[in-house]
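Here are some notes to read alongside the model, written for someone opening it afresh. Keep the viewer open and follow the points in order.

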Amino acid sequence: MAVLTNRASVLLACREEQLDSLLALRRIAAHLRDLPRFDDPPGLDDLPHLDDPSGLGTADAEQPAAALVCDDEAVTARLTRLGVPVLHLSSALPEAPATGPATGSAEGLLTRAHWPGWLDRPPGIRPTGLLAPARLTRNRDRRGTLLLISLWGLPTAEAEAFTDRRLPALVGEAVRRTGSCTVICDTSLDQVRAATAHLPDTTTVRAADTDVDARHAEAELLLASPTMAALALARARRAPLAFLPPLGPAQRALAERVAHLVPVPTADPADPTRWEPPPAEVQWAGLGPDLDDLRGAQALARTVRQLLLAPP
């Protein structure tokens with residue numbers, strides 16, 4: 001059995017302001033807790049930058065032995081240029097494809113895409129299966145609604161129209177139905193908080209500042225933007241799921257793809273028939289265990305370990 005030394009550290013990086021990227025990293029990292037982390041000190045800021053003419057940095061600069069990077073192509077480019085083996089995971093949908101070095105064939109670079117095996121996918125991607133949370137069960141005593149919003153990458157006008165006009169009504173109806181509502185967003189926290197501040201029994205927090213998966217375990221109902229992170233959460237725990245109105249082409253495309261296989265309603269406070277998801281045993285009945293073993297996070301963690309021991 002190979003033994004990793006203290007110097008064989010792994011760097012973990014993602015886009016914290018993107019819900020899919022943040023939760024993908026957390027779910028894989030849960031299976032890497034025993035590995036030394038390349039963080040502060042030393043950390044990513046200690047590595048040479050792409051604009052460093054030498055590309056070498058200081059003579060005694062340490063480097064990670066391998067890296068897992070979710071979506072952040074600039075970090076992946078920087079690491080591969082330094083010769084660090086990288087597993088780059090893309091949570092981008094085909095309507096918003098990854099670009100740059102992460103899609104290339106740089107030496108020491110492996111690429112994967114967060115995508116379930118049961119969902120129609122574009123050609124040319126290597127799917128991981130769904131990245132499930134480490135804990136697959138929910139609390140027995142569940143209360144309130146978890147409203148999970150992704151505003152990352154949206155045009156400002158579209159994001160503001162949703163938060164200012166539609167979000168307050170959705171949150172108010174969630175409180176009326178379940179007694180309370182926890183709103184978690186990936187970006188635009190001030191904007192979301194301002195839109196919900198006047199509503200009772202409502203908490204608003206940024207995804208990077210809370211344990212989203214633990215919050216879901218406590219909630220009675222999940223209302224979420226159509227994202228892989230939310231889909232994996234509900235599917236893995238066989239929990240009821242209703243989508244928020246999709247924003248942007250990527251969310252709309254994912255909601256449309258899912259609708260062919262799973263009956264996920266889109267919440268509308270003006271139409272009660274579109275609010276309640278089917279019972280979980282009905283909603284997920286069409287997806288048997290053979291279609292996705294829900295071990296995508298474990299498989300990616302194993303790949304990171306392989307990079308540490310035997311870089312490509």
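1. A word on terms before anything else: "buried" is used for a residue under 20% relative accessible area, "exposed" for one over 50%, and "partly exposed" for what lies in between (1.4 Å probe, protein chains only). By that yardstick cysteine 14 counts as buried, at 16% relative accessibility, and so does cysteine 185, at 0%.

2. Now the housekeeping. This is a predicted model, in which local features need pLDDT of at least 70 and side-chain atom pairs count only at pLDDT 80 or more, while totals for chains, interfaces and linings use all residues. Residues are numbered from 1 along each chain as its sequence is written, and side-chain values use heavy atoms, with hydrogens and water left out.

3. Let's start with a sheet of 4 strands. It is open, its order is β1-β2-β3-β4, and its pairing is parallel. Helices and strands here are DSSP runs (H or I, at least four residues, for helices; E, at least two, for strands), numbered from the N terminus, and two strands pair if DSSP finds at least two bridges between them. The edges belong to β1 (10-14) and β4, each with a single partner strand, so one side of each has no neighbour in the sheet. On average, neighbouring strands of this sheet are turned by 15 degrees against each other, direction ignored. Angles come from axes, which are lines fitted to C-alpha atoms (for helices over the stretch in contact), and run from 0 to 180 degrees between N-to-C directions.

4. Two helices to look for on that sheet are α2 and α9. Helix α2 touches β1, β2, β3 and β4, and its direction makes about 165 degrees with that of β3. Contact, by the way, means heavy atoms within 4.5 Å. Helix α9 (residues 296-309) lies across β1, β2, β3 and β4 too, at about 155 degrees to β3.

5. Strand β3 (residues 86-90) deserves a closer look: 5 of its 5 residues are buried. Val86, His88 and Ser90 point one way, Leu87 and Leu89 the other. Strand β2 (residues 66-70) pairs with β3 in the parallel sense over 4 bridges, and β4 (residues 109-113) runs parallel to β3, joined to it by 5 bridges. Leucine 87 is a handy landmark: leucine 68 stands opposite it, and its bridge partner in β4 is leucine 110.

6. How do β2, helix α2 (residues 73-81) and β3 go together? They make a right-handed β-α-β unit. Right-handed means that, with the strands pointing away from the viewer, the path from the first strand over the helix to the second runs clockwise.

7. Alanine 67, in strand β2, is worth clicking on. Alanine 67 is buried, with a relative accessible area of 0%, and stands opposite valine 86 in β3. Leaving aside neighbours within four places in sequence, its contacts include Val10, Leu11, Leu79 and Leu307. Proline 85 is 18 residues from alanine 67 in sequence, yet 6.3 Å away in space, C-alpha to C-alpha.

8. Next, a sheet of 5 strands. This one is open and parallel, in the order β7-β6-β5-β8-β9. Its edge strands are β7 (202-206) and β9 (241-243), each pairing on one side only. The twist averages 20 degrees from one strand to the next. Strand β6 (residues 181-185) runs parallel to β7 over 5 bridges, with cysteine 181 partnered by threonine 202.

9. As for the helices here, α3 (residues 156-178) lies across β5 (145-149), β6 and β7, at about 160 degrees to β5. Helix α6 (residues 228-236) packs on the sheet, touching β5, β8 (221-224) and β9, and makes about 160 degrees with the direction of β8.

10. Helix α1 (residues 19-29) is largely enclosed by the rest of the structure, because 10 of its 11 residues are buried. Among them are Asp20 and Arg27. In α7 (residues 248-259), the buried residues include Gln251 and Arg257, and the buried residues of α7 pack against α3, α6 and β9.

11. Last, the cysteines. How many disulfides does a search of the whole structure find? The count is 0, a disulfide being a pair of cysteine sulfur atoms within 2.5 Å. For cysteine 14, the closest cysteine sulfur is in cysteine 70, 6.2 Å away, which is too far for a bond.
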